[in-house]
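I opened a fresh page for this structure. My notes are below, in the order in which I looked things up.

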2 protein chains.
Amino acid sequence: MYTIGDLARRTGVKIPTIRYYEQMGLLAAPERSEGNQRRYEKRELERLAFIRHARDLGLSIDAIRDLLALSEHPERPCGEADRIATEHLASVREKIARLKKLEQELERIVACHGNHTIGDCYVIRALADHSLCESEH
Amino acid sequence: MYTIGDLARRTGVKIPTIRYYEQMGLLAAPERSEGNQRRYEKRELERLAFIRHARDLGLSIDAIRDLLALSEHPERPCGEADRIATEHLASVREKIARLKKLEQELERIVACHGNHTIGDCYVIRALADHSLCESEH
DNA sequence: CTCCATAGCTATAGCTTCTGGAGCTTTATA
DNA sequence: TATAAAGCTCCAGAAGCTATAGCTATGGAG
């Protein structure tokens, strides 16, 4: 039996976050002690570790809920799990692409290196005038 | 004189967002018509375009507030503006690095291609067992 | 057995950056 | 002048937590 604090220490998920996951339906409401404190089994520790890992990978709460539901049916085909992960990979790649464009634009903007005045600072002028940008963003 | 709708059309910032920026102190409360509707000058249109552009580049509301304050003093040195932009560039680069790690991990995870069952699906197993990961994240 | 620190409880609010809706008023146009 | 489009304020919600207040339970020492 684990207390909520045990779970927090073992998974690195903060206590209020564990309670929040319970509220969000990622974790079932666990048994309680006589004094109304949550008491968890090993299964729930593993489930929380799964959630933590998926969150670290950037999956949404909704996607995780779906994956957890799928994982309860080991005999079913895994196409759906694959679809969720693949879609997420695509969204990660999109984010990377977007950020790289920003990176380029920012590199150009900071080229002024702060050694003159605001009045002719490229940072300020570039922000004020979109047409100074090289690409869309 | 522009209405709030004119500003929205010209900058691509939605009307509730313009009002939100006013609340957040990025835009000063503008003049009002006799019927209490907001009426803007060209200056404010330009200011909003600046904000829009900076948001597109991913700068926070706070950073933008600082940059706007700086831009009111063209005679001052621009080191501070440069610092804000440079810091932001660094944070963009960090995000890119983190996302690339995620991308790699997800690529490995989706390699199972959904052609078997949940029970031996690599997506599910990888999420359940962090030790299957190659790098930290 | 009592005391105390630590840990847990609930409920609620706050963060960030908007977005949307309800219910009403103003403005512009025909 | 009638009416449609656009504006107003206020409030709630989305995501994923985090923090606080005010209280109770637990576990070990003396």
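These entries go from chain A as a whole to two of its residues, and then to the two DNA strands.

**Entry 1: what kind of model**

I noted at the start that this is a predicted model.

**Entry 2: chain A as a whole**

I looked up the secondary structure first. Chain A holds six helices and two strands. I then read the elements in sequence order and wrote down α-α-β-β-α-α-α-α for chain A.

Next I checked burial. Chain A has 137 residues, and 41% of them count as buried. I also looked up the exposed surface of chain A, which comes to about 7,700 Å². Carbon and sulfur atoms supply 48% of that area.

I turned to contacts within chain A. I took those between residues at least 6 apart in sequence. Of these, 46% join residues at least 24 apart.

**Entry 3: domains of chain A**

How is chain A divided in the domain assignment? I found domain 1 at residues 4-76 and domain 2 at residues 80-132. Seven residues of domain 1 and four residues of domain 2 take part in the contact between them. I also looked up the centres of the two domains of chain A, taken over C-alpha atoms, and they are 36 Å apart.

**Entry 4: M24(A)**

I picked M24(A) and asked where it sits. M24(A) is in the loop between α2 and β1 (31-32) of chain A. I wanted its exposure next. M24(A) has a relative accessible area of 28%, so it is partly exposed.

Which residues does M24(A) touch, leaving aside those up to four places away in sequence? I found I61(A) and R65(A). I followed up on R65(A), which is 41 residues from M24(A) along the chain. The C-alpha atoms of M24(A) and R65(A) are separated by 9.1 Å.

**Entry 5: R38(A)**

I moved on to R38(A). This residue lies in strand β2 (residues 38-39) of chain A. Is R38(A) buried or exposed? I put R38(A) down as buried, because its relative accessibility is 18% and the cut-off for buried is under 20%.

I listed the neighbours of R38(A), again without residues up to four places away in sequence. Among them are Y2(A), T3(A), I4(A), R19(A) and P30(A). E22(A) is also on the list, and I looked at this pair separately. The side chains of R38(A) and E22(A) make a polar contact at 2.7 Å.

I then checked the backbone of R38(A). A polar backbone atom of R38(A) is 2.9 Å from a phosphate oxygen of DNA strand C. That took me to the DNA.

**Entry 6: around DNA strand C**

How many residues surround DNA strand C? I noted 21. The closest are G5(A), R19(A), T17(B), S33(B) and R55(B). Sugar and phosphate make up 87% of the atoms of DNA strand C that come within 4 Å of the protein.

I looked up two side chains of chain B here. T17(B) has a polar side-chain atom 2.7 Å from a phosphate oxygen of DNA strand C. For R55(B), a polar side-chain atom lies 2.5 Å from a phosphate oxygen of DNA strand C.

Then I asked which elements give two or more residues to this surface. They are α1 (4-11) and α2 of chain A together with α2 of chain B. α2(B) gives the most, with four residues. By class, I wrote down six nonpolar, nine polar and six charged residues near DNA strand C.

**Entry 7: around DNA strand D**

I repeated the search for DNA strand D and found 19 residues around it. The closest are Y20(A), R55(A), G5(B), R19(B) and R38(B). Sugar and phosphate account for 88% of the atoms of DNA strand D within 4 Å of the protein.

I checked three phosphate contacts. A backbone N or O atom of R38(B) lies 2.7 Å from a phosphate oxygen of DNA strand D. R32(B) places a polar side-chain atom 3.2 Å from a phosphate oxygen of DNA strand D. A polar backbone atom of I61(A), already noted as a contact of M24(A), is 3.5 Å from a phosphate oxygen of DNA strand D.

Three elements each supply at least two residues here: α2 (15-23) of chain A, and α1 (4-11) and α2 (15-23) of chain B. The largest share, three residues, comes from α2(A). I closed with the classes: five nonpolar, nine polar and five charged residues near DNA strand D.

Definitions and conventions. Residues are numbered from 1 along each chain as its sequence is written. Chains are lettered from A and ligands numbered from 1 in the order in which they are written. This is a predicted model: local features need pLDDT of at least 70, side-chain atom pairs count only at pLDDT 80 or more; totals for chains, interfaces and linings use all residues. Side-chain values use heavy atoms; hydrogens and water are left out. Buried means under 20% relative accessible area, exposed over 50%, partly exposed in between (1.4 Å probe, protein chains only). A polar contact is a pair of N or O atoms within 3.5 Å; within protein, one must be able to donate a hydrogen and the other to accept it, and residues adjacent in sequence count only if both atoms are side-chain atoms. Contact means heavy atoms within 4.5 Å. A residue is near a molecule or strand if one of its heavy atoms lies within 4 Å of it. Ala, Val, Leu, Ile, Met, Phe, Trp, Tyr, Cys and Pro count as nonpolar, Asp, Glu, Lys and Arg as charged, and the others, Gly among them, as polar. Accessible areas come from the Shrake-Rupley method with a 1.4 Å probe; for residues, only the protein chains shown count as cover. Domain bounds come from an automatic or database domain assignment.
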